[in-house]
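I open this notebook page to record what I looked up, going from the pockets to the chain as a whole.

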Amino acid sequence: MNTRHLVALLLALSAINLALMIPGGFVETRDFSAYPASVLAAFNIFLTVLGLGSLVLAWLTWRGGVRRGWSMAAAIGFAATYLLDLFEIFPVTPVPMSSLLETLEWLGTALAILLGTAVLSAGGRDTGSVKGAAIPRGLTVVMAIAGIGIVVFATIAAMGG
């Protein structure tokens, strides 16, 4: 497996791991109702862009080459999200995280470190060709609609609804 495919795989695995932790799902069951809806919505927008953006980036990387800047930003975003939560900096809730959630967050941190390392080993500039790497317009629309749905669902669930 070359570096480009490794970066794409790590981006996809990171996005899938994050998706398992959507509030209201089977893993993330904490109550965030002490936070204003605007804070929860902003946080869920960030996480949704990070997750869906990483899937898009994985596709573009697999098909056209490593996007070093965006891939490194994703690695930092994943690591920061998990470490802030693991060290109880943000978000803070009265209900502790489950052992499964903690395990997935440590796994996500490890994936982020591996992703950052793979991006750094990809060389000094973006690699590959962008030819044939575009996301189809219909898929972009579907992802945008799904993203809005995810943000609304996760925000309502996080507020205890």
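**Entry 1, the second largest pocket.** I note at the outset that this is a predicted model. I began with the second largest pocket, which holds about 230 Å³ of space. I then asked which residues line the second largest pocket. I found Phe46, Val49, Leu50, Gly53, Ser54, Val56, Leu57 and Leu60 in its lining, together with Trp70, Ala73 and Ala74. When I looked up where these residues sit, I saw that helix 2 and helix 3 each supply at least two residues of the lining, and that helix 2 has the largest share, with eight residues. Sorting the lining of the second largest pocket by class, I counted nine nonpolar and two polar residues, with no charged residue.

**Entry 2, the largest pocket.** I turned next to the largest pocket, where the space comes to about 440 Å³. Its lining is made of 29 residues, and those closest to the centre of the pocket are Leu18, Met21, Ile22, Pro23 and Leu47. Which helices each supply at least two residues of this lining? I listed helix 1 (3-19), helix 2 (37-64), helix 3 (68-86) and helix 5 (137-158). Helix 2 gives the most to the lining of the largest pocket, nine residues, and I recall that helix 2 also has the largest share in the second largest pocket. By class, I recorded 21 nonpolar residues in the lining of the largest pocket, beside four polar and four charged ones.

**Entry 3, the chain.** I then stepped back to the fold and noted that the chain has five helices and zero strands, so that I could write its elements from the N terminus on as α-α-α-α-α. The radius of gyration of the chain is 16 Å, close to the 15 Å that the globule rule gives for 161 residues, and I therefore wrote down that the chain is as compact as a globular protein of that length. Along its principal axes, the C-alpha trace spans about 45 × 35 × 20 Å.

**Entry 4, burial, contacts and surface.** I looked up how much of the chain is buried, and found that buried residues, taken as those under 20% relative accessible area, make up 42% of the 161 residues. Among contacts between residues at least 6 apart in sequence, I noted that 86% join residues at least 24 apart. Last, I entered the accessible surface of the chain, which comes to about 8,700 Å², with 74% of this belonging to carbon and sulfur atoms.

Definitions and conventions
Residues are numbered from 1 along each chain as its sequence is written. This is a predicted model: local features need pLDDT of at least 70, side-chain atom pairs count only at pLDDT 80 or more; totals for chains, interfaces and linings use all residues. Side-chain values use heavy atoms; hydrogens and water are left out. On a 1 Å grid over the protein atoms alone, a cavity is a set of points where a 1.4 Å probe fits but cannot get out, and a pocket is an open set with protein on both sides within 12 Å along at least five of seven lines; lining residues have an atom within 4 Å of a point. Grid points are joined across faces, edges and corners, and a volume is the space filled by probe spheres set on the points. Helices (H or I, at least four residues) and strands (E, at least two) are DSSP runs, numbered from the N terminus. Ala, Val, Leu, Ile, Met, Phe, Trp, Tyr, Cys and Pro count as nonpolar, Asp, Glu, Lys and Arg as charged, and the others, Gly among them, as polar. The radius of gyration is taken over C-alpha atoms; the globule rule is 2.2 Å times the number of residues to the power 0.38. Buried means under 20% relative accessible area, exposed over 50%, partly exposed in between (1.4 Å probe, protein chains only). Contact means heavy atoms within 4.5 Å. Accessible areas come from the Shrake-Rupley method with a 1.4 Å probe; for residues, only the protein chains shown count as cover.
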